[in-house]
Amino acid sequence: MTTIFGICAAILVGLGLYGLIIHPTPLRKILSFNILGSGIFLLFGVIARRGSVDVLAADPVPQALVITGIVVAFSATALGVALALRLNTADQDQENS
Amino acid sequence: MMTVVMAIFTIIMVSLGALFFFAGTVGLLRFPDTLSRLHALTKADNLGLGLIILGLLPQIDWPFGALKLGLVWVLILVAGSAASQIVGRKVYEEDKS
Amino acid sequence: MSISLLFILALTLPVLGIVLMVPAGGRWAREIARGVLLLNLIVAAKITAAVWQAKATLTYASGGWLPPLGIQLRADGLSAAMLLLTAFVALAVGLYAPKDFFVQRGEQETRKSFTFWILFMGVCVGMNVIFLGNDFFNLYVALELVTFAAVPLVCLSGRQSTLEAAFRYLLFALTGSAFYLLGVALLYGAYGTLDIGKLSGVVRPEPALWGAVAFMTVGLAAKTALFPLHLWLPPAHAGAPPAASALLSALVVKGSFFLTVRLWFDTAPEILNPRAGQVLGLMGAGAIVVGGVMALRQERLKLLIAYSTVAQIGYLFLIFPLAEESTALSGGMFQAMSHACAKAAMFLAAGLMAEVAGSDLLVDLRGVGRVLPLTASAFILAAVSLVGVPPTGGFATKWLLLWASFSAQQWWWTVAIFAGGLLAGGYMFRAAAPVFSQGTHVVPGISRLREWVVLILALAALLLGTFPQRPLELLAIGHPESAEVQQ
Amino acid sequence: MSIAPILFSTLAALVVVLAAFAVFGRRHFASVIGFVAFGLLLALVWMILSAPDVALTEAAVGGGVTGALLLCACARWREIQGVPQPPIVLRIAAAGLCAAVTVGLIIVVLSLPSPPPTLATTAWDSLDVTGMGNAVTAVLMAFRALDTMLEKVVLLLALIAVWSFGRDCVWGGRPDLMFLPQKNGPLTFLAKILIPVGVLAGIYLFWVGADKPGGAFAGGALIAAMGLLAIFSGLIRPPSIENLRLRWALVLGILVFLGVGFLGFAMVGDFLAYPSALAKPIIVVIEIAMTLSIAFTLFMLVVGPAEKKP
């Protein structure tokens with residue numbers, strides 16, 4: 001199970017990175033960044049699951065790191081979206097003037 | 001004995017529910033226009049979800065677990081019907097204009 | 001005061017500043033920030049004094065939870081020196097910040113008066129955690145903290161070009177932190193701890209370590225703007241308001257560099273150096289040359305200074321191939337410190353000169369030196385330090401690095417160091433020549449305080465080189481291998 | 001023979017397909033929908049990996065609120081014609097690079113040591129001291145509380161950054177989502193039913209977080225989502241960014257965290273250390289303040305900077 005999702009995580013990282021490099025539009029770059037982030041978090045999840053012991057089904061430390069990471073990634077997304085939208089409307093301002 | 005009966009009940013109900021979900025998804029993918037897709041999706045999914053929840057009831061602790069499951073069902077019904085209302089209205093308005 | 005309280009104060013004082021500023025609003029932001037920056041400097045000085053007296057690395061585990069479960073903070077010579085220097089530069093920038101970053105009592109709060117100071121405090125928290133942190137995930141949060149504060153500083157003016165620069169910076173920074181985090185995951189997966197001290201005892205040469213270090217180094221290099229990942233830096237640093245440029249160029253890029261040092265020198269020293277370091281050294285040498293050549297071709301003063309940052313970052317990375325030499329690490333950290341003072345002084349001076357001249361085009365700056373003599377001398381002083389003329393901080397840096405490359409018998413780095421010095425001489429002459437030429441400007445209404453702040457920063461860069469003994473001794477604390485520095 | 005590997009492989013393949021759809025999809029809107037579905041499937045993966053706390057956070061923050069944010073952005077986005085596509089050479093180079101990263105990562109992941117290192121036992125042994133039953137919450141609120149506090153600062157700083165992207169002339173005004181909500185439509189009906197239940201569920205999530213899966217993030221995100229629903233259905237307007245009560249609500253979580261941190265110094269001698277007997281009530285107090293601050297911050301992050309003059 002951890003092998004399957006470990007490979008899945010690596011593919012997500014590759015996919016996200018590709019979109020991040022290739023997409024010309026800011027929104028799609030941000031979306032791809034989120035896929036990249038999800039891949040990294042999934043890797044933490046696989047590591048947490050590998051670290052299970054008889055009393056805990058998964059190592060709680062990587063899980064906590066992921067929860068923190070998800071919130072940080074969301075903050076980054078919100079920041080990126082706000083900046084991209086401002087750029088988008090700034091383009092508009094210029095075209096109108 | 002009782003647990004076996006309950007397990008069989010669960011298996012039948014959940015399988016039936018899954019069947020309805022499958023039918024709904026096929027409808028979503030195969031039907032020609034938005035309204036009929038919506039029709040297939042809502043009917044099959046509501047019924048499918050109802051059956052699955054019914055099937056799970058014997059497996060869960062009473063009364064709070066069952067209450068939560070019931071709440072999930074009601075909420076999804078409400079949200080689903082509201083969402084399809086909005087989609088339907090949008091389609092209707094676009095057809096008119 | 002106990003060292004544990006000092007550590008926590010260094011982390012929480014700027015946070016407290018933010019927490020107070022948000023409800024108090026833009027009318028009080030500047031006052032709160034200046035208070036916090038002053039206290040921050042005192043705390044940093046006390047931590048430095050404590051490290052100096054103890055002559056050893058000091059640690060504190062937050063909440064009493066020891067690693068690997070908890071997060072440890074630690075201060076060795078490197079962190080103490082960088083902490084003190086950052087607090088000093090930050091206070092200078094705080095005193096310099098121009099009029100449009102605050103509002104008089106009774107006036108409406110403005111966007112800049114509110115956001116600038118909060119973002120500034122954000123940079124301070126992040127930098128302090130980077131210098132004191134000893135846990136790679138804790139350091140990740142700190143890196144992101146700095147990023148989220150630095151990106152909006154770039155486009156504070158709201159102009160289209162700065163928005164584009166900020167977005168490009170954001171993409172590089174986010175991708176960089178993602179790579180860093182990927183490496184963190186691999187480290188945890190392989191060794192079950194993220195504490196630098198614990199890791200250094202258990203790392204083995206194996207794919208997991210190589211992968212982790214590769215991902216983390218690439219990510220950090222992107223954030224440090226190491227050539228060829230430097231493309232985002234010049235427009236971002238040149239477009240920001242001068243006070244913000246100073247923060248970004250002097251301090252923010254040093255944060256990710258500092259983590260690279262922690263990773264290579266403190267986490268896995270025997271395994272990685274020096275052969276893997278050749279790649280980083282090569283990129284550093286490339287940065288010195290390309291940054292220098294690009295700086296020579298700029299028509300705008302701030303862009304010229306920004307390209308000079310690209311070049312100066314190159315020197316920092318020369319320490320990786322030379323890591324076995326005792327002077328390399330000290331030389332690199334010395335470069336980080338003297339460059340921080342000199343670059344902050346240059347950006348702030350450029351800001352004042354552009355305020356008077358109305359633009360930062362080199363042709364428009366003719367004769368500015370006549371109406372701003374203090375600022376112009378500060379600019380020259382900082383430039384001389386960056387070029388590396390004795391007895392400035394820049395000279396001490398190059399001396400240490402040259403010494404290291406000779407004794408490591410890697411003479412090829414000396415070529416880059418000399419070429420960089422020549423190029424720096426060239427572009428700094430181009431920048432300074434118009435300032436001291438003929439030209440007429442109205443006598444400006446610039447406050448004396450702001451001029452003096454710039455001069456003090458430039459003097460600090462000079463003094464670092466004149467009296468390098470104490471700082472070098474401080475830097476060696478916790479790194480005994482770099483103790484026997486020749487002078 | 002077990003059926004599990006087949007099921008897991010199918011799920012993993014579905015996750016990858018949805019991610020590819022989100023990355024390669026032609027239209028923004030469809031991509032975002034794909035991304036939300038991806039987030040929900042990922043939550044399922046987290047359940048399979050025995051990480052229910054992460055599953056809740058992923059569903060609420062990763063899929064839910066991020067999805068809402070991206071959808072709002074799509075609605076406001078004005079397509080600019082003639083954006084050049086990257087040349088084919090660059091595409092191939094990028095694909096090669098990404099493939100190399102993926103393959104390298106797979107090799108490293110497969111090489112991870114067995115038996116794997118873990119802190120699960122250490123965390124379990126220290127759980128009693130914290131008075132909590134949920135080990136993940138114990139890591140977040142006790143062992144690595146410093147991270148959690150800094151991450152609150154990150155969240156707040158991101159909001160200040162978003163505000164700073166607004167225009168000077170509208171500073172102090174209200175955010176505006178730029179589309180007219182339908183009043184008294186089906187959405188309003190849904191909002192009126194769902195919001196009380198959702199807020200209750202959010203409170204429940206953080207309340208049980210100490211002992212069971214849940215916690216401040218998932219709870220706060222759910223409450224924020226209810227606020228967004230209220231906006232979309234036209235029941236409320238976003239508050240002005242100068243609103244003093246809003247600003248206090250944003251900083252409350254950090255303020256309480258700092259207060260408790262220094263209280264730990266005074267009482268136990270360590271920052272963010274809790275006296276054993278009081279650990280649980282103290283953590284509940286922090287979580288109440290945090291849930292409130294998280295809810296407001298996430299909500300304000302989605303609605304964006306000020307757009308209308310005060």
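Leaving aside neighbours within four places in sequence, which residues is T130(D) in contact with? Keep that question in mind while you get your bearings.

**Before you start**

What you have open is a predicted model, with an ipTM of 0.93 and a pTM of 0.94. Try colouring by chain to begin. Of the four pairs of chains in contact, chains A and D share the most contacts. Now show chains A and B together: no contact joins them, and their closest C-alpha atoms lie 21 Å apart. Chains B and C have no contact either, with 34 Å between their closest C-alpha atoms.

**Stop 1: T130 in chain D**

Select T130(D), which sits in helix 5 (residues 120-130) of chain D. Here is the answer to the opening question: beyond its neighbours within four places in sequence, T130(D) is in contact with W65(C), A138(D), A142(D), F143(D), A279(D), K280(D) and I283(D). Show W65(C) in another colour, since that partner carries the chain letter C.

Is T130(D) buried or exposed? Its relative accessible area is 3%, and because the cut-off for buried is under 20%, T130(D) counts as buried. Next, add Y274(D) to the selection: T130(D) and Y274(D) are 144 residues apart along the chain, yet their C-alpha atoms are separated by 7.9 Å.

**Stop 2: two loops in chain D**

Stay in chain D and go to the loop between helix 4 (88-111) and helix 5, where you will find P115(D). Look at the bond that links S114(D) to P115(D): this peptide bond is cis, with omega at about 0 degrees.

Then move to L272(D), in the loop between helix 10 (244-267) and helix 11 of chain D. L272(D) is not a glycine, but its phi is positive, near 60 degrees. With 1% relative accessibility, L272(D) is buried.

**Stop 3: a helix pair in chain D**

Select helix 9 (residues 216-232) and helix 11 (residues 279-303) of chain D; their axes come within 8 Å and cross at roughly 40 degrees. That angle makes helix 9 of chain D oblique to helix 11 of chain D. The crossing of these two helices is right-handed.

Which residues make the contact? On the side of helix 9 of chain D they include F217(D), I223(D), L228(D) and I231(D). On the side of helix 11 of chain D they include M290(D), I294(D), L298(D) and F299(D). Sorted by class, this contact has 14 nonpolar, four polar and one charged residues.

**Stop 4: a helix pair in chain C**

Over in chain C, select helix 6 (residues 160-191) and helix 8 (residues 207-224), whose axes lie 7 Å apart and which pack at an angle of about 160 degrees. Helix 6 and helix 8 of chain C are therefore roughly antiparallel to each other. Their crossing is left-handed. By class, the contact between them has 18 nonpolar, five polar and one charged residues.

Now select A225(C), in the loop between helix 8 and helix 9 (233-239) of chain C. A225(C) has a positive phi of about 65 degrees although it is not a glycine, and at 0% relative accessibility it is buried.

**Stop 5: more places to visit in chain C**

- N40(C) is in helix 2 (residues 26-54) of chain C. With a relative accessibility of 3%, N40(C) is buried. Apart from residues up to four places away in sequence, N40(C) touches A10(C), L13(C), A87(C) and N128(C).
- G367(C) lies in the loop between helix 14 (326-357) and helix 15 (368-371) of chain C. It is buried, at 2% relative accessibility. Among the residues G367(C) touches are P434(C), V435(C) and H441(C). Another is S437(C); the C-alpha atoms of G367(C) and S437(C) are separated by 5.1 Å, although their positions lie 70 residues apart along the chain.
- P391(C) is in the loop between helix 16 (373-387) and helix 17 (393-407) of chain C. The peptide bond from P390(C) to P391(C) is cis, with omega near 5 degrees.

**Last stop: colour by confidence**

Switch the colouring to pLDDT. Chain C has a mean of 89, and 97% of its residues reach 70 or more. Over residues 483-487 of chain C the pLDDT is below 50. Where pLDDT is low, the predicted coordinates should not be read in detail.Chain A also has a mean pLDDT of 89, with 93% of its residues at 70 or more. Within chain A, helix 2 (residues 26-50) has the highest confidence, at 94, and helix 3 (residues 60-96) the lowest, at a mean of 86.

Key
Residues are numbered from 1 along each chain as its sequence is written. Chains are lettered from A and ligands numbered from 1 in the order in which they are written. This is a predicted model: local features need pLDDT of at least 70, side-chain atom pairs count only at pLDDT 80 or more; totals for chains, interfaces and linings use all residues. Side-chain values use heavy atoms; hydrogens and water are left out. Axes are lines fitted to C-alpha atoms, for helices over the stretch in contact, and angles run from 0 to 180 degrees between N-to-C directions. Helices (H or I, at least four residues) and strands (E, at least two) are DSSP runs, numbered from the N terminus. Angles under 35 degrees count as roughly parallel, over 145 as roughly antiparallel, 65 to 115 as roughly perpendicular and the rest as oblique. A crossing is left-handed if the near helix is turned anticlockwise from the far one by less than a right angle, and right-handed if clockwise. Contact means heavy atoms within 4.5 Å. Ala, Val, Leu, Ile, Met, Phe, Trp, Tyr, Cys and Pro count as nonpolar, Asp, Glu, Lys and Arg as charged, and the others, Gly among them, as polar. pLDDT is the predictor's confidence in each residue, from 0 to 100. Buried means under 20% relative accessible area, exposed over 50%, partly exposed in between (1.4 Å probe, protein chains only).
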